[in-house]
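Biologist: Hello! I would like to learn how to read the links between side chains in a protein model. Could you walk me through it?

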Amino acid sequence: KGMKLLHRREKIVKSILKGHGTVGNDNPINAAYGADFCSELPIRAYDPDQAKFYLDKSGVTTAECHVAEVASGIADVCLQWQRECSKIGFDLKIKKVPTDGYWGAVWMQTPINVVSWSMRPTATIMLDIAFAPDAPWNDTLWSNDRFGQLLRMARSETDPAKRHEIQCEMQTLAHDESGMIIPAHGNVIDGHASNIKGIPNLALGELGACEWPEFAWREA
């Protein structure tokens, strides 16, 4: 909780993402997921005093975060986080590591590390991959029985209102209890020459969800 309270989320979007993103709320689901996004969940505010309370209570005074540039600006976000930690007397060390071999040697292998997730087709799929109690890519090893029950309900719920209610409870649990910090969501920004045609606009990843070779063609 202490670490989550030390992020200036609006500043990250404005200065580091240059406005090309939205504020994150320690929740992998945002407005891009449509009706399954829990917009009712209050944005976690920057609160160094409360952060200091929780960190002092924990008895932990130092930590090390392994950082590779797996997403644009992620190292700058961590450096900003380090500065905020120092203001309340917490020593957050930033260890920069290469992207080569990162996913096998560092990600999920050290106590604190960074990750970049691409969007999935539905909110349920995204939450299942990242937070299900038995998911192999559950970054923070967070295990919550209630969350697992809700996931099973969400997979089969066809009523939009009921599914939104289930999604809100799941997203609130992830926001409140998991060890994942998501200060911002970066936009997918594609760029190509005017004579390059056929690249679909998909939020799942860059240049048609990285499938541009199948669709792209050059106009003579």
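Modeller: Gladly; we will look at salt bridges and then at cysteines, keeping in mind that this is a predicted model.

Biologist: What is the idea behind a salt bridge, and how many salt bridges does the structure hold?

Modeller: Side chains of opposite charge can pair when their charged atoms come close. The structure holds 10 salt bridges. Take Asp26 and Arg44: their closest N and O atoms are 2.6 Å apart. Both residues lie in the loop between strand 1 (21–23) and helix 2 (48–58), 18 residues apart.

Biologist: Are Asp26 and Arg44 buried or exposed?

Modeller: Asp26 has a relative accessible area of 0%, so Asp26 is buried. Arg44 is at 14%, and because buried means under 20%, Arg44 counts as buried too.

Biologist: Which salt bridge could I look at for partly exposed residues?

Modeller: Try Lys93 and Asp91, whose side chains meet at 2.5 Å, N to O. Lys93 has a relative accessible area of 37% and Asp91 one of 36%, so each counts as partly exposed.

Biologist: Where do Arg155 and Asp128 sit in the chain?

Modeller: These two form a salt bridge, with 2.8 Å between the closest N and O atoms. Arg155 is in helix 6 (residues 145–156) and Asp128 is in helix 5 (residues 123–131), so the pair links distant parts of the chain, 27 residues apart. Arg155 is partly exposed at 49%, and Asp128 is partly exposed at 22%.

Biologist: Which residues do salt bridges with shared partners join into one network?

Modeller: That network is made of Arg9, Asp26, Arg44 and Asp176. You have already met Asp26 and Arg44 as a pair.

Biologist: Now the cysteines, please. What is a disulfide, and which residues does a disulfide join here?

Modeller: A disulfide is a covalent bond between the sulfur atoms of two cysteines. The structure holds 1 disulfide. That disulfide joins Cys38 to Cys168, with 2.1 Å from S to S. The torsion about the S-S bond is about 100 degrees, so the disulfide is right-handed. Cys38 is in the loop between strand 1 and helix 2, while Cys168 is in helix 7 (residues 160–177), 130 residues away along the chain. Both cysteines are buried.

Biologist: What about Cys85: how far away is the nearest cysteine sulfur?

Modeller: The nearest one, that of Cys65, is 9.7 Å away, and Cys85 is in no disulfide. Cys85 is buried, with a relative accessible area of 0%. Cys210, by contrast, is exposed at 55%.

Definitions and conventions. Residues are numbered from 1 along each chain as its sequence is written. This is a predicted model: local features need pLDDT of at least 70, side-chain atom pairs count only at pLDDT 80 or more; totals for chains, interfaces and linings use all residues. Side-chain values use heavy atoms; hydrogens and water are left out. A salt bridge is a side-chain nitrogen of Lys or Arg within 4 Å of a carboxyl oxygen of Asp or Glu. Helices (H or I, at least four residues) and strands (E, at least two) are DSSP runs, numbered from the N terminus. Buried means under 20% relative accessible area, exposed over 50%, partly exposed in between (1.4 Å probe, protein chains only). A disulfide is a pair of cysteine sulfur atoms within 2.5 Å.
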